[in-house]
Structure formats: structure tokens, C-alpha cells
Amino acid sequence: MGISLAPPERLATLNGRLPTITTLCSHSSLQIFHGARKEGFRTIGLAAGPTPRFYDAFPLARPDQFVTVPKIVELPSTAPHLRSEGAIIVPHGSFVEYMGAEAFTAWDVPVYGNRKVIGWEADREKSREWLVSAGATMPRRYGDASEIDGPVIVKYYGAKGGKGFFLAKSREALDDFHPTGPYVIQEYVLGTRYYMHFFYSPISDRGYRVGHGSLELLGMDRRDEANIDELYKLGSQEELLKAGIRPTFVVTGNVPVVLRESLLPRAFEVAAKIVERSIELFGGMIGPFCLEGIMTEELEFKVFEISTRIVAGTNLFISGSPYSDLVEPNLSTGRRIAQEIKRAQELGRLSEIVS
Ligand code: AMP
């Protein structure tokens, strides 16, 4: 048996009934609703403002019910209705970002996954402490600019979409950086980016055993990032800066990738250690997570970030990926979440995956 994450009274609304899978209408909601329907669940779409129309174009992914509030900050007020509907909230990146980590963490509704993970993910210092202590290799961090001996990336705390990140080819080039807030200086890793979509189930007793359960790999993508991905067409960064253009990393889409097969064992080892460390630190990271990093030419994977819930790159794989096809046909991450909720309820173990 794993660790109980939810106070028993929070799960009382789910006793003896099939939960209603609920998420915010954005990010990976089509996939979450589609996967939930395939597993026989009812669904609720939460939205701020008018009822979103674009679901009419996707009948297999349209939620059964919409719950709207005038502004996103008013979402907490929906708690009594959601509890009466037997809702389980499935968090995604935009959900936590739009609603705010604090309001989301305090929301008195059942949430899929361990809400304690939010504090570990949001804080760059804490997530580094977690990943490094798990044995993951991360880009080197420079406390003192005089130690810099190669290209660096300067990141502001909490910067969304790499806004305001500064790239410098050398220590000297850093003279042009005039900070406007707290920042960290990191080694700029040269290599190829991979975003690996893992899934940790604490209630599974088969497959690649990790912690109290098992680890699956459901897909992999690379993000398209504007405008950095197009820089090479226009010339070097210096030329762009002369033209007043600063590189940014705003995600605009995703492309599917696969990893050299010989690198998969190492990817699993790193992911497994990160899960095991999360169990020691805060009771475990449950369900989907994404390891985001750069494979160098020495075939070393340097992790620059972890996302601890479903990432939008999984939207590529509604009908399965080259990895999830080897777990089960037509298995999206959204569907896998629905299966997990169903199985946990059947086993009477919902409190291990819902907080
Ligand atoms: P982050 O906000 O940490 O997710 O970073 C945004 C983007 O910056 C990533 O998707 C990468 O393209 C790039 N990036 C972040 N850290 C590094 C690094 N240490 N070396 C090279 N590129 C990086």
C-alpha cells in the first residue's frame, strides 16, 4: 500500500459513485475529456467568461457539462457544486498557472495527484534540490560570473515562456546584461531537446517497478519555441540585437520525437530516481510528469526542468504514441489518467492518487 494523500472527508463526496472528471477548458482538456469518455466517465469543463464554443467542433472531446465563472479568480467558488457532482479535478499546466498555485493548493475539491508537488515544481531552488539529490544531471549553475567559461543562459525567477532570458556566448558578452529582477546564470547546454512524458502509478503491480508501483513512458515531443527556433535563419544573436530583437522561448506548438533506443534505459533510471526521491521528500509525484532536458553529443541528458502534471506535448498522442502503443493501443495520457482513477476506485485506493 502507498501513502494516503487526501483527508478522508475530502473523498467522502466520491463514495460509491463514478467520479466526474473535471478540468479547465484549455491546454490538454480535449485529450483529458476524450480519454475520460473512452473510460465511461462523465466530464465537466470549467471556463472563465462565456461557454467556450470550439468544443462543438470536437464532439468526441466535448465535456458533458460546462461550469463557468465571470473571472478565473472566482473558480474556488465552484467548490460546492463540484463536490455535489462528485468531481475530481485533473490539473494541467495552464490550470495551475491561471488560477495561481496558492488558490489551487487551497481549493477544497478532490484533485488528481499530490498537490504538495506544486510547491516543489514552482520554486527553481526547490526543484533543483529535488532533482540533483535524485541523481539527475542539471545544467551547471554559476554563483559568480567570474567562473563562466562558456555560453550561458540567464533566467529570471518565475519567467514564463523564457521571457527576458538572456543568452551570452562568453563571460564578456554578459556585460550587455542589465538585470531587472532576481535571476540565475546557467550553463547553456548545446545539444538536442527532448520532453519525455512519463506516468507514475503507485497502484500498479506490473511493468517497470518503481516506488510503490510502476513507471510508464507514454510519449515524447519537442517544443517549437518562438522566436529562438528561427534565429538561425536571420543570423547571429548580435545581428538580431542590433535590430532590437531579443531571443525568446515562447512555446507555440509541439513536434513528436523518439529517442535513440539505446538511451531509453538511462532515461528510465533518471525518471525512476526522481519519483523515488519525491516519495521521500513529499509523499510522491503521482501520475503524469515530463522530464525536460537536452541530450549532449556525449549522450548525457541534462535536465533543465520538470513539469509535474500532464504537459501539452501529450496532445500529439490522442491515439497513442510509439511508446504508449507498446503499453496498450490507443492510450493517450488523458485516457491513462481516467483508467487510473477507475482502477483506484475499484481497489478502494483513491486516497493514494487523489489529494
Ligand atoms: P525553462 O523556462 O527552464 O523551461 O526554459 C525555457 C526554454 O529555454 C527551454 O525550453 C529551452 O529551449 C531553453 N533552455 C532552458 N535552459 C537551458 C539550458 N541550460 N541550456 C540551453 N537551453 C536552455
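**Exercise 1. Find what the buried residues of helix H11 pack against.**

Start with the ground rules: this is a predicted model, where local features need pLDDT of at least 70, side-chain atom pairs count only at pLDDT 80 or more, and totals for chains, interfaces and linings use all residues. Residues are numbered from 1 along each chain as its sequence is written, and side-chain values use heavy atoms, with hydrogens and water left out.

Step 1: pick out the elements. Helices (H or I, at least four residues) and strands (E, at least two) are DSSP runs, numbered from the N terminus. H11 covers residues 333-347.

Step 2: list its buried residues (under 20% relative accessible area, 1.4 Å probe, protein chains only). They are Thr 333, Gly 334, Arg 335, Arg 336, Ile 337, Ala 338, Gln 339, Glu 340, Ile 341 and Ala 344.

Step 3: look for their partners, taking contact as heavy atoms within 4.5 Å. You'll find strands E1 (20-24), E4 (87-89), E9 (192-201), E11 and E13 (287-295), plus helix H2.

**Exercise 2. Work out how H2 and H11 pack.**

Step 1: get the geometry. Axes are lines fitted to C-alpha atoms, for helices over the stretch in contact, and angles run from 0 to 180 degrees between N-to-C directions. H2 (residues 29-38) meets H11 at about 45 degrees, with the axes 7 Å apart.

Step 2: name the arrangement. Angles under 35 degrees count as roughly parallel, over 145 as roughly antiparallel, 65 to 115 as roughly perpendicular and the rest as oblique. The pair is therefore oblique.

Step 3: list the contact residues. H2 brings Gln 31, Ile 32, Gly 35, Ala 36 and Lys 38, while H11 brings Thr 333, Gly 334, Arg 335 and Ala 338.

**Exercise 3. Say how covered H2 is, and by what.**

Step 1: check burial. Seven of the 10 residues of H2 are buried, so it's mostly covered. They are Ser 29, Gln 31, Ile 32, Phe 33, His 34, Gly 35 and Ala 36.

Step 2: find the neighbours. Those buried residues pack against E1, strand E2 (42-48) and H11.

Step 3: look just past the helix end. There, Gly 40 takes a positive phi of about 90 degrees.

**Exercise 4. Describe the surroundings of Gly 213.**

Step 1: place the residue. Gly 213 sits in strand E11 (residues 213-227), and it is buried, at 1% relative accessible area.

Step 2: look across the chain. Its C-alpha lies 5.3 Å from that of Ile 203, 10 residues away along the chain.

Step 3: list what Gly 213 touches, leaving out residues up to four places away in sequence: Tyr 200, Ser 201, Pro 202, Ser 204 and Tyr 208.

Definitions and conventions: Buried means under 20% relative accessible area, exposed over 50%, partly exposed in between (1.4 Å probe, protein chains only).
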